[in-house]
Amino acid sequence: MGKRSLVRGLWRRRHRKPLVFEIGQSQQRLVLDPSVLHHFAVRQQRDADSLEAGGQLFARFSDQEITVSCVTGPRPVDRRSRYLYYPNRREEQREIDEMHRKGLHFVGDWHTHPEAVPTPSPSDIRTINEAVAKSRHHLYGFVMIVVGNGDFPMSLHVSLNTSVSHFRLLPVP
């Protein structure tokens, strides 16, 4: 059994519940569906030759919850290396249009880092802040998730980002 198959098998047995994050004082919660967590787990940079992966986050809204139920990426046309992930912007826009037709809304981006407890780089924060500033949307900000190579939830850096701020969200115990 390969290493990735083993990770997939362990994931299916251990994590069948969503992860929930409080969004500040807003009384809202960000919910990561188990299928999203599985997508992240399969793409963690656990080996020395693993490339960074990333993609987009899509959610459904209710009064109290933003549920991320679909993620994309990485795509064959994205540029990737051990410490770099550069998405294909045309494909990203195509995904946003396609998901919108399915009733899902773009809420942010995700990517991996080869560290157990990930920390977004200044470039990561600048990129998501610029995306919020340049996009046409009705959201307070975008979510950024950096996926480390350790166990969830400790190896997830989940944040809400405006054009000028980066606010880390913590999981509900």
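Helices (H or I, at least four residues) and strands (E, at least two) are DSSP runs, numbered from the N terminus. The structure is a predicted model, in which local features need pLDDT of at least 70 and side-chain atom pairs count only at pLDDT 80 or more, while totals for chains, interfaces and linings use all residues. Residues are numbered from 1 along each chain as its sequence is written, and side-chain values use heavy atoms, with hydrogens and water left out.

**Exercise 1. Locate His-111 and state whether the residue is buried or exposed.**

Step 1. His-111 has its place in strand β7.

Step 2. Buried means under 20% relative accessible area, exposed over 50%, and partly exposed in between (1.4 Å probe, protein chains only). His-111 has a relative accessible area of 9%, so it is buried.

Step 3. A contact means heavy atoms within 4.5 Å. Leaving aside residues up to four places away in sequence, His-111 touches Glu-52, Ala-53, Gly-54, Tyr-85, Asp-124, Met-144, Ile-145, Val-146 and Val-147.

**Exercise 2. Describe the setting of His-113 and identify the polar contact of its side chain.**

Step 1. His-113 lies in the loop between β7 and α4.

Step 2. The relative accessible area of His-113 is 9%, and the residue is therefore buried.

Step 3. A polar contact is a pair of N or O atoms within 3.5 Å; within protein, one must be able to donate a hydrogen and the other to accept it, and residues adjacent in sequence count only if both atoms are side-chain atoms. The side chain of His-113 makes such a contact with the side chain of Asp-124, at 3.2 Å.

Step 4. Not counting residues up to four places away in sequence, the residues that His-113 touches include Gln-45, Glu-52, Pro-118, Asp-124 and Asn-149.

**Exercise 3. Compare the expected span of helix α3 with its end C-alpha distance, then assign its faces.**

Step 1. The expected span of a helix is 1.5 Å times one less than its number of residues. For the 13 residues of α3 (residues 89-101) this gives 18 Å; the end C-alpha atoms are 19 Å apart, which agrees.

Step 2. Glu-92, Glu-95 and Met-99 are the buried residues of α3. They cover an arc of only 60° around the axis, and therefore lie on the same side of α3. The arc is that of the directions from the helix axis to the C-beta atoms.

Step 3. The exposed residues Arg-90, His-100 and Arg-101 are carried by the face of α3 turned away from its buried side. The cover over the buried residues includes β3 (54-61), β4 (65-71) and β7 (105-112).

Step 4. At the N-terminal end, Asn-88 caps α3, with a side-chain oxygen 3.1 Å from the backbone nitrogen of Arg-90. Gly-103, with a positive phi near 85°, follows the helix.

**Exercise 4. Carry out the corresponding analysis for α4.**

Step 1. The 13 residues of α4 should span 18 Å at 1.5 Å a residue, and the end C-alpha atoms are 18 Å apart, which agrees.

Step 2. Asp-124, Ile-128, Asn-129 and Val-132 are buried in α4. Seen down the axis, these residues fall within an arc of 125°, so they line one face of the helix.

Step 3. The buried residues of α4 pack against β7, β8 and β9 (156-161). Pro-122, Ala-133 and Lys-134 are exposed on the face turned away from the buried side.

**Exercise 5. Give the volume of the largest pocket and name the element that gives the most to its lining.**

Step 1. On a 1 Å grid over the protein atoms alone, a pocket is an open set of points where a 1.4 Å probe fits, with protein on both sides within 12 Å along at least five of seven lines; lining residues have an atom within 4 Å of a point. Grid points are joined across faces, edges and corners, and a volume is the space filled by probe spheres set on the points.

Step 2. The largest pocket holds about 1,100 Å³ of space. It is lined by 35 residues, of which Gln-56, Phe-106, Asp-109, Ala-131 and Phe-142 are the closest to its centre.

Step 3. Two or more lining residues come from each of β3, β6 (84-86), α3, β7, α4 (122-134) and β8 (142-147). With six residues, α3 gives the most.

**Exercise 6. Identify which peptide bonds before Pro-74 and Pro-153 are cis, and examine phi of Gln-27.**

Step 1. Most residues other than glycine have a negative phi, and most peptide bonds are trans.

Step 2. Gly-73 and Pro-74 are joined by a cis peptide bond with omega about -5°; Pro-74 lies in the loop between β4 and β5 (79-81). Another cis peptide bond, with omega about 5°, joins Phe-152 and Pro-153, and Pro-153 is in the loop between β8 and β9.

Step 3. Gln-27, a residue other than glycine, has a positive phi near 70°. Gln-27 is in the loop between β1 and β2 (29-32) and, at 59% relative accessibility, counts as exposed.
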